[in-house]
Amino acid sequence: MRIEPRSVVKELHAFHPAMPDRTRSELRQMLGREEIVKLSFNESPYGPSPKAVAAIQAAAGQIHCYPDAEGKTLRTQIASFYTLEADMVYLGNGGDETITLVTQGFLSPGEEAIIPQPTFEQYAFAARLAGGIPVRVGRGSDMRTDLPGMLAAVTPRTKMIFLCNPNNPTGMLIRGAELRSFLRQVPEHVMVVLDEAYGEFVTDPAFVSGIQLLAEFPNVLTIRTFSKVYGLAGLRLGYGIARAETVSLLQRVRSPFNVNCLVLAAAISALDDTDFVASVARRNSLERERLTREFTVLGFKVYPSQTNFLFVDLGFDSTGLCGSLARDGIIIRPGTGWQLPTFVRISIGSSEQNSLLLAAVKKALQEK
Ligand SMILES: Cc1ncc(COP(=O)(O)O)c(C=O)c1O
């Protein structure tokens with residue numbers, strides 16, 4: 001006899017890794033080559049802070065003990081980093097879990113979550129898992145997030161709005177003035193989840209973080225991650241910042257030991273190593289300018305990125321180029337997942353990786 005799952009689970013699909021989602025060792029086997037340059041996951045090519053690694057080594061002898069269920073030291077440190085109180089911070093097993101915690105905590109079955117397109121797919125998944133209804137709003141002009149369209153999509157059933165700033169996959173920023181004007185028009189009972197997974201890479205002074213906007217807009221919840229600029233993707237740590245009242249409700253939803261003791265130790269040191277973070281962001285920004293310039297010269301349309309990846313319209317179907325790069329051991333993400341077959345999303349690698357990428361792209365174009 002089959003045990004019936006919840007009806008919503010019947011509509012979900014397990015994560016089926018395509019080529020860009022494969023691990024480096026799988027890619028080595030699949031492609032029959034040792035050197036793999038994986039530019040499909042927006043990971044940091046600079047690795048973690050050596051201080052974070054040392055903290056993990058120091059904590060390793062204690063892994064027989066449960067971690068601090070409240071994550072007090074780290075939450076206090078994150079809070080003081082932004083001059084907030086620790087009860088305004090909650091921790092998740094990756095930014096991914098901070099998102100599912102919000103929908104589990106606040107989205108009731110049948111309630112709507114407005115989600116722009118294209119964006120990070122996890123919002124729609126989390127909304128559906130909670131029994132909510134993702135309401136997708138198509139892209140605005142020139143791939144921008146269609147903020148007026150999102151406001152127009154608000155109904156009495158709307159409970160939540162997701163915004164990714166800067167956005168994955170476009171890399172583009174919603175400027176502070178635009179964001180403020182949008183937030184003023186959102187009904188107060190609708191939660192605005194601002195995902196700033198790439199916030200540390202932003203160099204445009206027009207950026208305003210949701211963390212700064214919280215005093216003005218108490219319905220904003222901001223998500224950040226240690227997976228990108230901090231280079232700790234494999235450890236899985238994200239955090240959310242919201243009003244203490246919101247966070248205390250999310251603490252009811254969270255399982256007590258969702259963040260392990262090695263993560264807690266590493267993140268405390270990683271957050272402290274501000275020189276390392278600044279150097280990663282600076283190197284990313286230099287390479288971002290370089291790749292943007294070089295791809296533009298090649299005739300591609302490059303969207304202005306404020307992240308550690310570029311969204312590029314090749315002007316022709318991307319399958320051939322992606323295949324040719326893969327044969328050279330370079331993995332990028334085709335735009336087919338966003339129904340944009342002439343697009344690719346390319347993570348910004350180290351200077352050396354980007355030189356290999358550019359050489360391989362030029363070679364592929366000549367052979368085309
Ligand atoms: C926009 C965005 N938000 C959140 C995440 C989640 O990251 P993690 O779960 O590794 O913290 C990602 C990861 O790629 C992302 O692109």
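These legends accompany several close-up views of one predicted model.

**View 1. Lys-228 and its surroundings.** Let's start with the residue that carries an annotation: the unreviewed UniProt entry lists Lys-228 under "modified residue: N6-(pyridoxal phosphate)lysine". To find Lys-228, follow the loop that runs between strand E7 (220-225) and strand E8 (238-241). Lys-228 counts as buried because its relative accessibility is 13%, under the 20% cut-off. Leaving aside residues up to four places away in sequence, Lys-228 is in contact with Phe-41, Asn-42 and Ser-44, and also with Ala-197, Tyr-198 and Phe-201. One of these neighbours, Tyr-198, also shares a polar contact with Lys-228, side chain to side chain, at 3.4 Å.

**View 2. The ligand and the residues around it.** Here the ligand takes centre stage, with 14 residues surrounding it. The closest are Gly-95, Asp-195, Thr-225, Ser-227 and Arg-236. Look for Asp-195, where an N or O atom of the side chain is 2.5 Å from a nitrogen atom of the ligand. Oxygen atoms of the ligand have polar partners too: a polar side-chain atom of Tyr-198 lies 2.7 Å from a ligand oxygen, and for a polar side-chain atom of Arg-236 the distance to a ligand oxygen is 2.7 Å. On its own the ligand has 390 Å² of accessible area, and the protein covers 92% of it.

**View 3. Strand E3, an enclosed strand.** Strand E3 spans residues 112-116, and 5 of its 5 residues are buried, so the rest of the structure largely encloses this strand. Its side chains are worth tracing in turn: Glu-112, Ile-114 and Pro-116 point one way, while Ala-113 and Ile-115 point the other way. Both sets are buried. Next to E3 you will find strand E4 (residues 133-137), paired with it in the parallel sense over 5 bridges. A handy landmark in this pairing is Ile-115, which stands opposite Arg-136 in E4.

**View 4. An open sheet of four strands.** This view shows an open, antiparallel sheet of 4 strands in the order E9-E10-E13-E12. At its edges are strand E9 (301-302) and strand E12 (333-334), each of which pairs on one side only. The partner of E9 is strand E10 (residues 309-313), and the two are joined over 2 bridges in the antiparallel sense. To line up this pair by eye, look for Val-302, opposite Val-312 in E10.

**View 5. Gln-251 on helix H10.** Gln-251 is part of helix H10 (residues 244-253). With a relative accessibility of 23%, Gln-251 counts as partly exposed. Its side chain makes a polar contact of 2.6 Å with the side chain of Arg-254. Beyond residues up to four places away in sequence, Gln-251 touches Arg-75, Val-89 and Tyr-90. Asp-87 is also worth a look: 164 residues separate it from Gln-251 in sequence, yet their C-alpha atoms are 9.9 Å apart in space.

**View 6. Asn-167 and a backbone partner.** Our last stop is Asn-167, placed in the loop between strand E5 (158-164) and helix H8 (176-185). Asn-167 counts as buried because its relative accessibility is 3%. From here, the side chain of Asn-167 reaches the backbone oxygen of Pro-118 at 2.9 Å. Not counting residues up to four places away in sequence, the contacts of Asn-167 are Pro-118, Thr-119, Thr-145, Met-172, Thr-307 and Phe-309.

How values were computed. Residues are numbered from 1 along each chain as its sequence is written. This is a predicted model: local features need pLDDT of at least 70, side-chain atom pairs count only at pLDDT 80 or more; totals for chains, interfaces and linings use all residues. Side-chain values use heavy atoms; hydrogens and water are left out. UniProt positions are given in the numbering used here, feature names are shortened, and annotations may be inferred rather than shown by experiment. Buried means under 20% relative accessible area, exposed over 50%, partly exposed in between (1.4 Å probe, protein chains only). Contact means heavy atoms within 4.5 Å. A polar contact is a pair of N or O atoms within 3.5 Å; within protein, one must be able to donate a hydrogen and the other to accept it, and residues adjacent in sequence count only if both atoms are side-chain atoms. A residue is near a molecule or strand if one of its heavy atoms lies within 4 Å of it. Accessible areas come from the Shrake-Rupley method with a 1.4 Å probe; for residues, only the protein chains shown count as cover. Two strands pair if DSSP finds at least two bridges between them.
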